[in-house]
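Got the viewer open? Load the model, pick a plain cartoon, and follow along stop by stop.

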Amino acid sequence: MSAVTCLVDDRATVGESPVWDAASQSLYWVDIPAGKLSRIRLGADLTGRDVTSWTLPAAIGSLGLCPDGRILVALPYGVHYFDPRDESLTLLVDPEPGMNTNRLNDGKMGPDGAFWVGSMDDRPSGKQPIAALYRVTPDGKAEKKVEGVTVSNGLAWSADGRTMYHSDSRGIWLDRWDFDPKTGAISNRTRLATPDEASGRPDGGACDAEGFYWSCGVSAGCLNRYDRTGALVEKIALPVPAPTMPCFGGPDLKTLFFTSLRAGLSDEKIAAAPQSGGLFMMPVPVAGAPIARFGEPLSL
């Protein structure tokens, strides 16, 4: 595997949710607890370093792109539209009103054009499976799709839109679902893996064009590449101990970006990997699966 480059030495507390914007050849990502949303304009040759950041009034669990230039952001108290042009913030829907124990976490646009976002038990200890996964649509509806989750994570879809992957990074499990890209219906839940801390607790995920699922092993400093049966076909060591989420991008979708965190790392680990919390990239031999925009299903 090719060398990894630190694209932005961001020193994020919890860097997450990298999303590639092909229209502007840019990458968005967040620092969750800082409420910081950032964009780097890279250009077709991926050499740009123009970074712009916005600070929102609360933690940002994840984001997705809208056709009109707005950005959908998952704040603890609901899914909002954020307009970077005037920095306005507009609530679309709160999937869990009154659930003060929870906040929204990992989310991604599905091939159906909906924003799929999960919640998590946000208490510092004693976390319980009281969270869920939701399908959010532009009409402001949030449909609960999966219950009994502790920390919802790892959302990704196969390139043909027929398979959805979803993990619980505190469960600990990785599941596969059959997916209908026209209706967003899910069925035939299958438990693929139950990774331990040493092999890589499953954080964010992404799918490639060959049908494999890439999972950031946040507890083991690695990327785990699974086939659709749950077999681990490749384990890629990374230069930081806690990578959080991968994302395919670049003009040919053959650049893999990933975020990382610093929160909870020992002084020894920070000293050994001072760029922890940074945004990284590396070329890969396979393209990623395309990602939809809000309200615009993929043509599959």
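Start with the whole chain in cartoon: the protein has 1 helix and 24 strands (DSSP runs numbered from the N terminus, H or I of at least four residues for helices and E of at least two for strands). Its radius of gyration is 17 Å, close to the 19 Å from the globule rule for 300 residues, so the protein is as compact as a globular protein of that length (the radius is taken over C-alpha atoms, and the rule is 2.2 Å times the number of residues to the power 0.38).

Before you zoom in, a word on the model: it is predicted, with local features needing pLDDT of at least 70 and side-chain atom pairs counting only at pLDDT 80 or more, while totals for chains, interfaces and linings use all residues. Residues are numbered from 1 along each chain as its sequence is written, and side-chain values use heavy atoms, with hydrogens and water left out.

Still zoomed out, the C-alpha atoms fill a box of roughly 45 × 45 × 40 Å along the principal axes. Of the 300 residues, 58% are buried (under 20% relative accessible area; exposed is over 50% and partly exposed is in between, with a 1.4 Å probe and protein chains only).

**Stop one: strand 20**

Select residues 222-226, which make up strand 20; 5 of its 5 residues are buried. Show side chains and look at both faces: Cys222, Asn224 and Tyr226 are covered on one side, Leu223 and Arg225 on the other.

Now add residues 213-217. This is strand 19, joined to strand 20 by 5 bridges and running antiparallel (strands pair if DSSP finds at least two bridges between them). Find Tyr213 and you'll see its bridge partner, Tyr226. The two strands form a hairpin with 4 residues between them, and Gly221 in the turn has a positive phi of about 60 degrees.

Next, bring in residues 232-237, strand 21, which pairs antiparallel with strand 20 over 5 bridges. Here Arg225 has Glu234 as its bridge partner. This hairpin has 5 residues between the strands, and Gly230 takes a positive phi near 95 degrees.

**Stop two: strand 22**

Move on to residues 243-249. All 7 of the 7 residues in strand 22 are buried, so this strand is largely enclosed by the rest of the structure. Add residues 255-260 to see strand 23, its antiparallel partner over 6 bridges. Pro243 stands opposite Ser260. In the 5 residues between these strands, look for Gly250, with a positive phi near 85 degrees.

**Stop three: backbone oddities**

Which peptide bond is cis? Select Gly171 and Ile172: the bond between them has omega near 0 degrees. Ile172 sits in the loop between strand 15 (163-168) and strand 16 (173-179).

Then jump to Arg11, which has a positive phi of about 55 degrees although it is not a glycine. Arg11 lies in the loop between strand 1 (5-8) and strand 2 (15-21), and is partly exposed at 41% relative accessible area. Ser17 also has a positive phi of about 55 degrees without being a glycine, but Ser17 is in strand 2 and is buried at 1% relative accessibility.

**Last stop: Ser152**

Is Ser152 buried or exposed? Ser152, in strand 14 (residues 152-157), is buried, with a relative accessible area of 0%. Leaving aside neighbours within four places in sequence, its contacts include Asn105, Asp106, Met120 and His166 (contact means heavy atoms within 4.5 Å).
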